[in-house]
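Student: Please take one part of this model and go through it closely, residue by residue where that is possible.

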Amino acid sequence: MKVRFFTFEQYHGKNNIGSTRLRVHNLIKYWKDAELYKYGEKPDVMIFQKVYMQVDYKYIKHLDCIKILDMCDADWLDKQAIKETIDAVDAVTCSSEALTKFIQQLTDKPVIFIDDRFDMEFVPKPKVHKGKLKKLVYFGYKQNAELLKAAIPYLQRNKYKLTIISNEDPYLSDGDYEFVKYDEETIYEELQKHDACLLPADTRPVGYFKSNNKTIKANLAGLPVVKTAEDIEEIIEPEKRQSIASMCYNKAIKSADCKISIKQYEDLIKELQNAKA
């Protein structure tokens, strides 16, 4: 069986996109039937990762094979042709439970939750926590760092050090922080230089539908994740951080392996093949 992914990276001519790494590259490394789509191929299954129908792009509709749309964002907020694309495919996969439930309202076709998962080959031994909490880290795309603005005054008053790891410096005008450019090869190492990961709740409309992949990645590094001042105050002592971090790490190491996603896709494809038989 020939499974091919046509990705957001390919369609937009970009590189190092987090969603494509998590939802495609991690999988095809271990999925012997799957590769990136090459022009002219005739696959048995085509998975469109965050690629939608456009006024001048109707290929999805006319492709003659099993077709799956993989979604990881509320892209209808960016005026993407979500419903038209869903109507053109056989099934939809989504990166969060909230997104899955929303898309299920738009179609009777299979819509399943496939979480963002990680390549366990690169997961290090978890951090061992020592000393009182002093350093917090945030990581994510530049445009999402605005979520830190409400937290920065609290961090400054309590003399906590903040590092922002991102694709670009967000230049938070009222912020005293260290900026580190995101590098997938060193991200776990950078995370482990800190005592906890600060990921404020994303209350924006787009945030409701996002996956918790940053939380899981921080957990895999051995860091507890905090959202509020109260969360921070609960883990000042290393014993408390270690207890929470160990519990979260043990859960993540079992549930966040990208090979689980491959099995979910294989089961879905088998279901679609049987429906067409």
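Tutor: Isoleucine 47 of β3 has isoleucine 68 in β4 as its bridge partner. The model is predicted, so local features need pLDDT of at least 70 and side-chain atom pairs 80 or more, while totals for chains, interfaces and linings use all residues. Numbering starts from 1 along each chain, and side-chain values use heavy atoms, without hydrogens and water.

The pair just named belongs to a set of five bridges by which β3 and β4 run alongside each other in the parallel sense; two strands count as paired if DSSP finds at least two bridges. Strands here are DSSP runs of E with at least two residues, and helices are runs of H or I with at least four, numbered from the N terminus.

On its other partner, β1, strand β3 is joined by four bridges, and the two again run parallel. One of the matched pairs there is valine 3 with valine 45, the latter in β3.

Strand β3 is mostly covered, with five of its five residues buried (under 20% relative accessible area with a 1.4 Å probe, protein chains only; exposed is over 50%, partly exposed in between). One side of β3 carries Val45, Ile47 and Gln49, the other Met46 and Phe48, and these residues are buried on both faces.

Moving along the sheet from β3, strand β4 (residues 66-71) also pairs with β5 (residues 91-94), in the parallel sense and over four bridges. Isoleucine 68, the partner of isoleucine 47, stands opposite alanine 91 in β5.

Helix α11 (residues 258-276) packs on the sheet and touches β1, β3, β4, β5 and β6, a contact being heavy atoms within 4.5 Å. The direction of α11 makes about 140° with that of β4, with axes fitted to C-alpha atoms (for helices over the stretch in contact) and angles from 0 to 180 degrees between N-to-C directions. Helix α2 (residues 18-28) also lies across β3 (45-49), together with β1 (3-6), β2, β4 and β5, and runs at about 130° to β2.

As a whole, the sheet is open and has six parallel strands in the order β2-β1-β3-β4-β5-β6. Its edges are β2 (34-36) and β6 (111-113), each of which has a single partner strand, so one side of each is left without a neighbour in the sheet. From one strand to the next the twist averages 25°.
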